[in-house]
Amino acid sequence: MKNRVALVTGGMGGIGSAICRHLATHGAKVIASYNKSGNHEAAKEWQAQQLAEGYDTHIYYVDVTDFQSCANLIKQIEEKFGAIDILVNNAGITCDTQLYKMDIDQWQSVLRTNLDSIFNVTRNVINKMIKHRYGRIINISSISGQKGQYGQVNYAASKAGIHGFTKSLAQEVAHNGITVNTISPGYIETQMVMAIPESVREKIIAQIPVGRFGKPEEIAQAVGFLAAESSGFITGSNLTINGGQYLT
Ligand code: CAA
Ligand code: NAP
């Protein structure tokens with residue numbers, strides 16, 4: 001993937017940072033998009049830290065829930081770097097509670113961030129990929145989108161929706177040299193999982209045959225595999241990475 005232009009949304013998060021480092025290590029020009037509620041200084045600090053560790057990453061602000069913000073992001077990237085070759089739709093949030101307590105904001109914020117975002121970003125990228133007859137699109141879903149999860153009707157619905165998007169787009173653009181795949185991580189050691197109450201976390205680990213949470217680098221490695229030029233025959237697939245917690 002040397003010199004390929006790669007955009008990772010949520011690129012400064014737990015899994016996103018690992019993906020950025022992995023792609024940079026393999027020679028891609030990596031762009032991490034961030035939101036950070038508009039705290040651009042925090043984003044610059046992340047960038048400086050990455051550089052100090054040897055990873056040169058470009059950074060751009062976006063709100064993935066907003067179509068126009070995504071259009072602006074892609075325009076800026078294309079003007080500076082040319083067409084995007086590798087798109088990793090990774091930005092996402094949780095807002096866990098049982099349905100009987102869930103309000104409309106908790107539903108909409110999760111659906112907009114996790115599912116509308118896939119349309120908002122990919123729609124702005126796809127025409128240039130088609131024109132260039134090359135692309136690797138990797139959507140980060142979740143084990144919760146496969147098996148459902150107590151307290152996550154919003155999140156599980158958003159992540160299940162990603163599978164339908166992936167399989168449909170894969171069929172539309174296969175003849176253009178573009179692959180579209182999903183990765184469904186299980187529980188990975190990031191802030192998202194650490195926000196779960198400890199007593200619940202212990203119960204979750206007990207359900208994972210490998211006996212631990214996954215590491216962000218274990219997801220990043222799989223992204224690298226699907227992003228490689230040599231993975232051109234893999235499309236419309238879903239790669240499950242969950243320590244054996246749920247087998248399909
Ligand atoms: N696995 C196993 N058991 C779980 C569970 C889980 N993921 N989530 C909840 N439970 C159990 C609790 O341990 C509890 O069991 P007992 O009645 O036997 O004690 C029962 O369900 C009810 O839970 P709470 O007492 O915690 O209920 P609450 O109303 O106080 O809180 C909740 C509800 C906010 C949903 C809370 O249970 C919770 O945060 N659960 C975690 C849900 C979860 O797994 N979210 C994943 C976040 S990370 C992520 O989403 C990344 C990804 O893609 C995997
Ligand atoms: P994380 O550290 O919280 O990262 C999530 C990222 O999403 C953040 O970097 C955040 O950007 C970005 N984001 C949120 N709202 C946004 C918005 N409106 N606009 C732009 N960016 C926004 O969580 P993570 O664990 O790395 O999760 C990454 C992805 O993996 C998510 O899609 C998540 O659902 C999925 N996943 C995680 C696990 C897990 O166990 N951790 C398991 C399965 C799937 P800023 O930080 O810049 O605000």
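Let us start at ligand 1, where the surrounding shell is made up of 10 nonpolar, 7 polar and 3 charged residues (Asp, Glu, Lys and Arg count as charged; Ala, Val, Leu, Ile, Met, Phe, Trp, Tyr, Cys and Pro as nonpolar; the others, Gly among them, as polar). Keep in mind that this is a predicted model, in which local features need pLDDT of at least 70 and side-chain atom pairs count only at pLDDT 80 or more, while totals for chains, interfaces and linings use all residues. Residues are numbered from 1 along each chain as its sequence is written, chains are lettered from A and ligands numbered from 1 in the order in which they are written, and side-chain values use heavy atoms, leaving out hydrogens and water.

Of the 20 residues around ligand 1, those that come nearest are Asp96, Ser142, Gln152, Tyr155 and Tyr187 (a residue is near if one of its heavy atoms lies within 4 Å). Asp96 places a polar side-chain atom 2.7 Å from a nitrogen atom of ligand 1, and Tyr155 has one 2.6 Å from an oxygen atom of the ligand. Helix 8 gives the most to this shell, with 3 residues (helices are DSSP runs of H or I with at least four residues, strands runs of E with at least two, numbered from the N terminus).

Now turn to strand 1, residues 5-8, which pairs in the parallel sense with strand 2, residues 29-34, over 4 bridges (strands pair if DSSP finds at least two bridges between them). Here Leu7 has Ile31 of strand 2 as its bridge partner. Strand 1 also pairs with strand 4, residues 86-89, in the parallel sense over 3 bridges, and there Ala6 stands opposite Ile86.

Note on methods: A polar contact is a pair of N or O atoms within 3.5 Å; within protein, one must be able to donate a hydrogen and the other to accept it, and residues adjacent in sequence count only if both atoms are side-chain atoms.
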